[in-house]
Amino acid sequence: MIRPDAPVLLEIRDLTARVEDQPILKGVSLTIRAGEIHAVMGRNGSGKSTLSKVLAGHPAYTVTGGTVLYKGEDLLSLEPELRARAGLFLGFQYPVEIPGVSNLEFLRVATNARRAGKGQEELDTFAFEDLVRERLQVVQMDPAFLERSVNEGFSGGEKKRNEILQMALLDPLVAVLDETDSGLDIDALRIVAGGVNHLAGPDNATLLITHYQRLLDVITPDYVHVMAAGRILRTGGKELALELEERGYDWVDAELAATERTPAEVG
Amino acid sequence: MVAASLSTPAAAAGAGPGSWLAALLANATGVASAGADALAPSRARAAQILAQTPLPSRRVEAWRFTDLVPLTALSPTLLSPAPAEQPQTAAGSLRLSLDGHSDALAGINLPVGLEPISGDELNATLGKVLAATGSAELWPVLLNGATAQQVLALRVRGTVATTLELVSDAGAGEGILPLRLLLVLEPGASLEVLQVHRSSGANLTSVVLEARLGEGAELRHGLLAPGAETGCLLATVAVEQATGSRYSGVSAHGGWALGRLEPRLLQREGAAHSALKALQLADGRQISDTHSQMVFAGPDGRLEQLHKAVADGQGRSVFNGAVQVPRAAQRTDAAQLSRNLLLSDRARIDTKPELEIVADDVRCAHGATVSRLEQDELFYLQSRGIAADQAARLLLRGFCEEVLQELPEAARPWQALASLLGEQGR
């Protein structure tokens, strides 16, 4: 939902970043207001996953320039956990398995950390169980998954549901979902997308990072950005995603080549 | 370096390891002379051998990383610890307190299927499993044999529904607490046992457990030993298995100045199942050591072994996992995995599989990993609002729980993880 007067939640300006000595982001600018759903599309290696990790504060990525304001405050100076407590959520492309740590305990500790960030009191184990059982319904997840170790032995679809369950518990202001559709069959995709739609509201915002149109068939974006070579090449409405689906990414290469005045790489 | 550490405790005691041992043996004999006891003959034999056996030095391979000399700084006397505070006993378990002097069975109604072994039968049985597993001449076993005043010896018939808890707490006193245990499982018998050994002072807990498993018998065995910065633990678990028997040992020790566990398993005719799961922790300047030995003396035996270790501070973890598969042990299926977590630059981990395989038709897998906390796991937790130090604690607990959750249910009131990590009042 686009409302020009809605408050700006996330403002990215000329962001550059590298991993080891490899520059990946080469000047990304993006403004996200409350109530909006944005989609960032692009080929593998275009920098879209890096953008999500830099926003969440992954230590392997070094920001070399630019600014990111979150609710008007500098985001990049915050430790990852403080970003999360302030309401930034990253849904992982590959959720991490943590043997020996119970999913239920993990969810409770995370939920209470976020509640502390919102100035709310901690939930005890009983109150939390009630909450988590209610939120399980958002992703139609079997309560048995609460008793298992975090993501251990979960199928791809179960891991992604667990990510959306975390999102439902953490109640983020800005959710960045990195390739949440990858590895999902059509039923799981509908459940996960249904969860995202359910959680999207006028006061929060969603940034979908995706490779394919099919996620955008079930979650309608307000803006679509096409990323290539570490920059946002073009921004449009949802029709831009359809155009990409129809024409493929080759024209992106051509456009990139034109802007850089260097030959496009094919393949 | 070695010479310096060799001289220090001896100097403190005013004499060398030899005179420390002589003083200890004199004290152990002194107690015995008070009255005839079942262990007197075997104690005299062990004392005689021990007196002629030098303290193993670090030039001996089995003690290369673990220096025994600090033991000789302990008081060469036998401890009589006072009864210590204990958590409530879990439902369905019987707790026996071991203090090295009293009869642990006095006033106890043993559950159906358990009966004491005594007299000639005890004399004929005691030490047999130690001999069969090649443990009789180990220095910690000799020390135990030369000093132990009491033995808890039980025969097991049928399925014992009650978990047996064997508990000691050396407390804050100085000296040595020798504990001797014998379990004989008749064919088809089944028992669950939990050993808990604690300390809070400058003392040594010396434990020797012998277990003989008849055909088709099953022993589920837990050993939990949260120690004290000044305390030492030398524990030997010798198990002889007949065909079709199952032994499952789950152990966790840590927090001791010197803690060493030696599980020594023999499948007498093969065709048995053995499982060893272990966790050991070393922080501060502690040493946590496990030397395990598995011998398959016949075909079709199985071993599943997981050994996990955490080293922090200047702690030192040692694991040596010997597996012997002689020619007779065809179709043995053995898997050993050593997983180690190194949490500090000054900590040290030595891990060594030691497989001797002569039989040609076997599957013997082994592996060892040493790693730090995974950055991706830490980041995942941080990205959910969990602070870095709390995330590290969660991951450490997860690493430990994989073993601890396999301890018998009776271990629950002992709060294994908190006690091992020193998160309790003690």
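**Notebook: salt bridges and the A–B interface**

I began with a tally of salt bridges, and over all chains the count comes to 37. I note here that the model is a predicted one, so I looked at confidence before going further into chain B.

Confidence. Chain B averages a pLDDT of 92, and 94% of its residues score at least 70. I marked residues 1–14 of chain B as the stretch to treat with caution, since the pLDDT there is below 50; beyond near neighbours in sequence, this stretch has twelve contacts in the model.

Interface, extent. I then looked up how chain B meets chain A, and found 20 residues of chain B in contact with 31 residues of chain A. The area buried between the two chains is about 2,000 Å², with carbon and sulfur atoms giving 65% of that area. Three residues, B:Phe379, B:Tyr380 and B:Arg384, supply 40% of what chain B buries against chain A, which is more than any other three residues supply.

Interface, polar part. Between chain B and chain A I counted two salt bridges, and eleven residue pairs in polar contact, both residues being at pLDDT 80 or more. On the chain B side, helix H7 (375–382) and helix H8 (388–404) each supply at least two of the residues that touch chain A, and the largest share, eight residues, comes from H8 of chain B. By type, the residues on this side divide into nine nonpolar, six polar and five charged. For one salt bridge across the interface I recorded the partners, A:Glu105 and B:Arg397, whose side chains meet at 2.8 Å, N to O.

Chain A, two pairs. A:Glu243 and A:Arg247 form a salt bridge at 2.5 Å, N to O. Both lie in helix H8 (residues 238–247) of chain A and, because they are four residues apart there, they are separated by about one helical turn. A:Glu243 is partly exposed at 24% relative accessibility, and A:Arg247 is also partly exposed, at 47%. I also looked up A:Glu11 and A:Arg13, whose closest N and O atoms are 3.0 Å apart in a salt bridge; A:Glu11 is partly exposed at 24%, as is A:Arg13 at 32%.

Chain B, a buried pair and a network. B:Glu165 forms a salt bridge with B:Arg95, the closest N and O atoms being 2.9 Å apart. This pair links distant parts of the chain, 70 residues apart, with B:Glu165 in strand E4 (residues 163–169) and B:Arg95 in strand E1 (residues 93–97). Both B:Glu165 and B:Arg95 are buried. Last, I entered a network of salt bridges that links B:Glu115, B:Glu121, B:Arg155, B:Arg157 and B:Glu186.

How values were computed:
Residues are numbered from 1 along each chain as its sequence is written. Chains are lettered from A and ligands numbered from 1 in the order in which they are written. Side-chain values use heavy atoms; hydrogens and water are left out. Contact means heavy atoms within 4.5 Å. Buried area is the accessible area (1.4 Å probe) that two parts lose on being put together, summed over both. A salt bridge is a side-chain nitrogen of Lys or Arg within 4 Å of a carboxyl oxygen of Asp or Glu. A polar contact is a pair of N or O atoms within 3.5 Å; within protein, one must be able to donate a hydrogen and the other to accept it, and residues adjacent in sequence count only if both atoms are side-chain atoms. Ala, Val, Leu, Ile, Met, Phe, Trp, Tyr, Cys and Pro count as nonpolar, Asp, Glu, Lys and Arg as charged, and the others, Gly among them, as polar. pLDDT is the predictor's confidence in each residue, from 0 to 100. Buried means under 20% relative accessible area, exposed over 50%, partly exposed in between (1.4 Å probe, protein chains only).
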